[in-house]
Amino acid sequence: MAWLRLFSRTLKSGKPIVRSLPKISSASPNPNPNLTTQPFSTSFLITKTPAKFKKKRKKPDSARTKPVQPDSTRLQHFESLVTRDAHFRFLTRSKEFITKQPDRILRLDDAGKLYRELGFPRGRKVTRYIPKHPLIFQTYRHSDGKMWLGFSDFMEDLLEEERALMDSMELDRVSRVRKLLMMTKDKRILLSKIHHTRLLFGIPDDFRDRVGKYPDYFRVVTGQDGNRILELVNWDPNLAVSELERTFMVDEDKARRAFKFPLKHGKELELEEKDTRKLNQLNTLPLVSPYSDGWKLDVWTLEAEKYRVGIVHEFLSLTLEKRASIHHIVEFKDEFSLTRQTYQMLKKQPSTFYLAGTEMNWTVFLKDGYNGDAVLIRKDPQVLFNEKLYKIADMQQMDNDSHPIET
């Protein structure tokens, strides 16, 4: 083989196979000055997985952000109403807070610290947020050199319009409060609770001062802790008829389809589907009237659950927009004998109630009060006024459609 003969000749001649490289002493000048010797670098090596290749870890759902309804059962038209409320929170809170200030004005420096009371988003500067609503807010420089925040002249006129509207609806609001008192266990409610939930029922801010005009309906007493309590004076049987009972008298079949309370029975009965439906129909309606002494029933019985469902149904019927936050419902937990299972109780009645929002802050809608597009079937004059106010709040200037609503 040729390569073997070549290798043997090289060994006989004694010549090295690999020529030795010339030695470069540290003292001798670099023979190639353009070539610099650097330590070996590993910067080109990928030592960490690039972010785009990393598997993103899904953040655990929290009650603050997790929707109360799964995607399969979510009704976007109801969810949009909850989003709308969040958007206009600044309007309702600012209207309430600033109207209680002297001369209805507030120092702009203080407004930045009171973002929670004014309903402004956290972390957003008030000075950048206010100019987006020029028909509602107005800023001006006082003689002391400080900037002050108040309502525009147009907004002041709207507030007077709302005041006149509430005066005209006073008797209706009185009837709503009477029905609330008739639903309670002891026929009494703290005035502070009524004030806290007043926007739900269209109750004026000074209702605590107006109750003295109706001694035949209300009595104000002082509790052991010093709190003022509103008591019912006279029971009115004409008011002790729930909205569900009125529906039942007009359309019995519709009322029966509104709720389902399946009767638990053993499999050994071996009932046919038709017989099972008849048996369960016995436990649909009538519900226990919310104006009865249902609070005396054993808490875990079917009759007691019917009573609590009827309470929530009637409570929502009395609200202006046929819906309420769970926090407002829980406000009357003791008065209405509600349990900690209210969430599960309402989830079992999807034909009548819809729960929107997040698990931490959800709203209960009464479906019967809305049409298929989530529009209220009957709108209270206060609701019409609020809708007009919402429209004006996001406008930069007036248009021909923004005339006062005739009530």
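Is Val375 buried, partly exposed or exposed, and what is its relative accessibility? Select Val375 in this predicted model: its relative accessibility is 34%, and because values between 20% and 50% fall in the middle class, Val375 counts as partly exposed.

With Val375 still selected, display the stretch around it, which is the loop between strand E9 (362–366) and helix H19. Beyond its neighbours within four places in sequence, Val375 is in contact with Gly369 and Tyr370. Then add His77, which is 298 residues away from Val375 in sequence, although the two C-alpha atoms are 8.8 Å apart in space.

Next, move on to H19 itself, residues 381–393, and select helix H7, residues 153–168, together with it. The axes of H7 and H19 come within 11 Å and cross at roughly 170°, and the two helices are therefore roughly antiparallel to each other. On the H7 side the contact is made by residues including Phe154, Leu158, Glu161 and Leu165, while those on the H19 side include Pro381, Phe385, Lys388 and Ile392. By character, the residues of this contact divide into nine nonpolar, two polar and three charged.

Finally, keep H19 displayed and replace H7 with helix H3, residues 89–98. Here the axes are 10 Å apart and the packing angle is about 105°, so H3 and H19 are roughly perpendicular to each other. To see where they touch, show Leu91, Thr92 and Lys95 in H3, which meet Leu389, Tyr390 and Ala393 in H19. The residues of this contact comprise four nonpolar, one polar and one charged. Leu389 is worth leaving highlighted, as it is listed in the contact with H3 and also in the contact with H7.

Technical notes: Residues are numbered from 1 along each chain as its sequence is written. This is a predicted model: local features need pLDDT of at least 70, side-chain atom pairs count only at pLDDT 80 or more; totals for chains, interfaces and linings use all residues. Side-chain values use heavy atoms; hydrogens and water are left out. Axes are lines fitted to C-alpha atoms, for helices over the stretch in contact, and angles run from 0 to 180 degrees between N-to-C directions. Helices (H or I, at least four residues) and strands (E, at least two) are DSSP runs, numbered from the N terminus. Angles under 35 degrees count as roughly parallel, over 145 as roughly antiparallel, 65 to 115 as roughly perpendicular and the rest as oblique. Contact means heavy atoms within 4.5 Å. Ala, Val, Leu, Ile, Met, Phe, Trp, Tyr, Cys and Pro count as nonpolar, Asp, Glu, Lys and Arg as charged, and the others, Gly among them, as polar. Buried means under 20% relative accessible area, exposed over 50%, partly exposed in between (1.4 Å probe, protein chains only).
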